[in-house]
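User: Could we go through this structure together? I have a few short questions.

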2 protein chains.
Amino acid sequence: MTIPAGAPFAALETPAALVDLDRLERNLTGMAAYASGHRLVLRPHIKTHKATAIAAAQLAHGAAGLTVATPAEARVMSTVGRDLLLAYPAVGPKLARLMALPGDVRLTVALDSARAVEELAAAARAAGRPVRVYVELDVGMHRVGVTAWDEAIALARLVAARAPLEYAGIAFYPGHIREAEGSQEAKLAALSTALGGAIEAVSRAGFAPGVVSGGSTPTVWHTHEIAGVTEFRPGTYVYNDRTTAEIGACAWDDCAFSVLATVVSTSVPGQAVIDAGAKALGREPMRGAEGEGWGALLDRPEVVVSRMSEEHGILDLSRTDWRPEVGEQVRVVPNHVCIVVHLNDVMYGVRDGAVANSWPVDARGRTQPAVAAGSAA
Amino acid sequence: MTIPAGAPFAALETPAALVDLDRLERNLTGMAAYASGHRLVLRPHIKTHKATAIAAAQLAHGAAGLTVATPAEARVMSTVGRDLLLAYPAVGPKLARLMALPGDVRLTVALDSARAVEELAAAARAAGRPVRVYVELDVGMHRVGVTAWDEAIALARLVAARAPLEYAGIAFYPGHIREAEGSQEAKLAALSTALGGAIEAVSRAGFAPGVVSGGSTPTVWHTHEIAGVTEFRPGTYVYNDRTTAEIGACAWDDCAFSVLATVVSTSVPGQAVIDAGAKALGREPMRGAEGEGWGALLDRPEVVVSRMSEEHGILDLSRTDWRPEVGEQVRVVPNHVCIVVHLNDVMYGVRDGAVANSWPVDARGRTQPAVAAGSAA
């Protein structure tokens with residue numbers, strides 16, 4: 001069964017994930033122009049869209065390569081990209097899948113431990129494949145990354161001694177910058193100082209980084225102001241979301257993604273219930289915006305999803321005179337799009353109020369193997 | 001590629017969803033015994049496991065039928081069950097999929113609006129298929145359901161006048177009972193009173209309910225104490241989770257489900273980072289347990305996932321002397337299992353520390369149609 005191109009939204013079974021194709025194109029073009037204007041290497045993170053169709057569009061717009069978070073994503077993306085960064089330390093069974101990537105894929109891995117270096121080196125040697133390595137630094141988020149530059153030097157040295165691994169540079173993710181104190185200018189200056197110290201330290205030890213890979217969504221349009229950065233890995237910009245708009249990294253009109261939902265009940269006064277709950281919208285809070293719900297209507301941002309069950313979203317009608325009827329469709333901009341895309345198998349491209357095309361979220365699943373000769377309980 | 005039965009957990013690429021088969025069997029048996037002991041019709045909700053393999057096991061253990069939340073789930077479950085309740089008001093394109101169910105499926109729909117009755121009646125007439133209807137009541141949760149019993153009577157009357165629809169009874173979901181004030185006994189008594197009033201009102205109007213379908217996880221083992229209930233729809237009991245244990249509806253040792261994860265970084269002191277974040281664990285809070293994180297280790301419940309990114313979970317090591325190494329595997333019991341299962345395509349059945357079998361989460365996706373002749377942006 002298929003849906004004809006040009007069908008109205010009403011033809012879609014809800015909840016359904018919609019992407020405004022004109023906004024998507026504008027977002028792709030804008031980021032590519034920013035990157036080339038500042039001579040930054042654009043290596044977008046595919047975690048947001050998880051679709052080869054969108055990755056191909058990013059590459060066509062001038063991305064130098066792709067960033068992925070898992071070997072399963074790398075495998076899928078290797079069908080469209082030949083230069084992949086796994087921005088995640090791979091250990092254990094993940095390495096087998098990584099080494100099975102096509103031989104002509106230029107592979108880079110970011111890591112932060114000697115154990116990860118040794119496991120990767122052993123796998124790369126056994127597979128006879130060169131692997132580039134970024135040493136991951138913690139510049140303040142305290143998630144992953146080495147916290148002392150001596151450790152960074154020690155890891156770079158270990159990598160250099162473990163052919164076919166190749167030390168290629170350093171990576172960082174300043175995910176803390178949104179919560180940090182001070183003005184944006186002050187935060188960027190502090191980041192430049194921290195990063196500059198790291199670059200100087202590793203360079204002095206003989207490990208000048210060929211690549212300095214970093215950046216984050218709150219500062220994405222200021223990446224060129226972080227001294228030393230040569231490459232950045234934006235993800236959210238293709239679709240954007242309520243959080244991206246709230247922190248000023250995009251305008252509301254740049255939100256290309258929404259969840260189409262249907263009003264299914266209006267029996268309780270003051271609210272309307274839609275068929276998009278936590279299994280369609282995720283449950284990601286608007287950080288720093290207490291009580292602001294789980295998503296807002298694209299065309300009525302004053303109407304928020306105030307409560308959710310798994311398949312129910314409660315629209316709070318207290319700030320609107322609008323009273324929807326059962327059967328009416330609405331479009332919800334979620335708080336965090338990457339989580340929502342991960343819940344879907346199909347994206348519908350829309351233009352001029354109609355369904356134009358669709359594409360699979362083909363890197364969504366973890367594509368795990370079955371157990372041989374197994375039967376369920 | 002497959003994994004041999006009997007393989008150690010270390011053979012699995014993480015994160016991976018594990019189900020302890022012995023605990024699963026015990027949970028299935030226990031609920032079936034409770035239902036038959038109290039002469040309650042057991043119609044489990046498949047939203048928790050979304051797998052025909054588990055639904056078949058529930059039916060084999062004496063379930064009279066299955067409950068689903070979406071037509072897509074109904075379609076998949078119709079391959080194993082012949083008596084399906086859609087506990088959700090279907091309007092719009094959902095009805096086409098519903099009417100396409102095999103003709104020998106006994107179908108019931110719960111709804112709360114005249115609009116839903118009229119749409120369902122039109123679809124049922126066109127398809128020539130009888131559909132049983134439960135009128136949904138709001139007994140205090142304020143999500144869906146009619147709030148005045150006059151409205152319930154009006155809906156029952158409308159259904160009775162719209163053959164091939166058949167008025168079959170009433171349904172309710174007391175999801176508010178956890179937050180309600182007072183002792184469990186008092187809450188159950190209040191619920192019995194509210195429900196009793198509704199049953200009396202509709203009966204007096206000539207719509208005595210053949211079925212009274214209700215119950216919720218916090219009161220699941222006390223369903224027989226709610227006066228009038230004939231059928232219940234438990235979901236979580238097959239796997240259980242941290243919340244179910246916290247509210248006393250199961251013991252910690254009844255938690256059959258866990259997410260296997262690998263420690264990928266220990267570079268930041270006081271914590272260990274695992275490869276299960278919000279895309280593997282969901283972000284469902286422990287209601288009423290502020291700061292208790294997003295999951296706890298099965299074998300060390302004092303260790304919680306205190307922070308998450310999409311693919312990173314931060315284990316807080318402040319309450320343990322245990323210091324894991326990179327590469328070590330752990331098992332996380334999530335706060336809310338239904339959301340986590342929805343993130344997975346494969347479940348691994350485990351027994352005696354080894355992987356025994358696997359089954360697909362075959363009702364996970366919404367199985368939405370592609371757009372004809374479409375191409376991505």
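User: What span should the 21 residues of helix H7 (residues 184–204) of chain A have, and how far apart are its end C-alpha atoms?
Analyst: This is a predicted model, in which local features need pLDDT of at least 70, side-chain atom pairs count only at pLDDT 80 or more, and totals for chains, interfaces and linings use all residues. Residues are numbered from 1 along each chain as its sequence is written, and chains are lettered from A and ligands numbered from 1 in the order in which they are written. At 1.5 Å a residue, H7(A) should span 30 Å, and its end C-alpha atoms are 30 Å apart, which agrees. The expected span is 1.5 Å times one less than the number of residues; helices (H or I, at least four residues) and strands (E, at least two) are DSSP runs, numbered from the N terminus.

User: Which residues of H7(A) are buried?
Analyst: A:Lys187, A:Leu191, A:Leu195, A:Ala198, A:Ile199 and A:Val202 are buried (20 or more other C-beta atoms within 10 Å of a residue's own, against 12 or fewer for exposed and partly exposed in between, with C-beta atoms placed from the backbone). They cover an arc of only 100° around the axis, so they lie on the same side of H7(A); the arc is that of the directions from the helix axis to the C-beta atoms.

User: And which are exposed on the other side of H7(A)?
Analyst: On that side, A:Glu185, A:Ala186, A:Thr193, A:Gly197, A:Ser203 and A:Arg204 are exposed.

User: What follows H7(A)?
Analyst: A:Gly206 follows H7(A), with a positive phi near 95°.

User: Turning to the chains, how many residues of chain B are in contact with chain A?
Analyst: There are 79 residues of chain B in contact with 80 residues of chain A (C-beta atoms, placed from the backbone, within 7 Å).

Definitions and conventions: Contact = placed C-beta atoms within 7 Å.
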